[in-house]
Amino acid sequence: MRNSIRVAVAALALAVAVPASAQYTFTQPGQQPPPVQPLQLWNNVARVNLGVGFYNSGWANCYYWYGYNCSSGSYASYIPFMVGPQIDFNVGGMNNLSVGFTVAMGSASLSYWNGMQDVTDSRSVTIWEPTIYYVAKFGPPSQDTVGRFRIGGGMLIGPNSTIGGTFRIGGGASFLNAGRLGIGLDVVLEGGGYDGYWIGGLQLLASPEFHF
């Protein structure tokens, strides 16, 4: 009977001691325990933007003939698929400098007056656009979801070396931001000039992200 009681007491003591011992790191006598490693934080982001754009472009003919009248001289609608890399470099706190470029690929639907009648046409157009932004991020790197606001500009380079420039503004968020890999969602508004025409549009982007 006494042996049974001793075995039960020993088993109980062992059961209590095992979880408690897991809280400590055993070292050689005279040695300090290793420091606890801090949480790794990622301040910079590399992403690949994927999405779709909705653009329109045109210019107006205005004349005075029994009143002041304006009519569209040319009009284009462009809904391209968009892809391109972008990198956000943290420059302190919430402030980031972002550089990249976007390739827009799609068909532009054209409507214009050829001097005698309205003409419609459709052409395949690819436009390259280097971009630069100031990006403000709202939330620490340890936070899983971080919002962002961006403002900047882009240069448009199209067929036959036609060029233009745009002002860009937008907002979005990074999800799974505290880990190495995440996903970003952004909306970007864009307006400016291209080959002598005004151009304006909206981009909807989803972006796989790598945090470093």
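This note concerns the enclosed cavities found in a predicted model.

1. Taken over the whole structure, the search returns two cavities of 30 Å³ or more, and the points below take each of them in turn, beginning with the largest.

2. The largest cavity holds about 70 Å³ of space, and its lining is made up of Y55, Y78, M82, T102, A104, I127, E129, L156, E190, I199 and Q203. When these lining residues are sorted by class, seven are nonpolar, two are polar and two are charged.

3. As to where this lining comes from, at least two residues of the largest cavity's wall are supplied by each of β4 (95-113), β5 (118-138) and β9 (197-211).

4. The second largest cavity contains about 50 Å³ of space, and the residues that line this cavity are N49, P85, Q86, G100, F101, T102, T131, Y133, R150, R168, Q203 and L205. Two or more residues of this lining are given by each of the elements β3 (81-92), β4, β5 and β9, with β4 providing the largest share, namely three residues.

5. In the lining of the second largest cavity, the classes divide into four nonpolar, six polar and two charged residues, while the lining of the largest cavity has seven nonpolar, two polar and two charged residues.

6. A reader following the two walls in the structure may wish to look at T102 and Q203, which appear in the lining of the largest cavity and also in that of the second largest cavity.

Terms used
Residues numbered from 1 in each chain as written. Predicted model: local features only at pLDDT ≥ 70, side-chain atom pairs only at ≥ 80, totals over all residues. Heavy atoms only, no water. 1 Å grid on protein atoms, 1.4 Å probe; cavity = no way out; pocket = protein on both sides within 12 Å on 5 of 7 lines; lining within 4 Å. Points joined across faces, edges and corners; volume = space filled by probe spheres on them. Helix = DSSP H or I, 4+ residues; strand = E, 2+ residues; numbered from the N terminus. Nonpolar A, V, L, I, M, F, W, Y, C, P; charged D, E, K, R; others polar.
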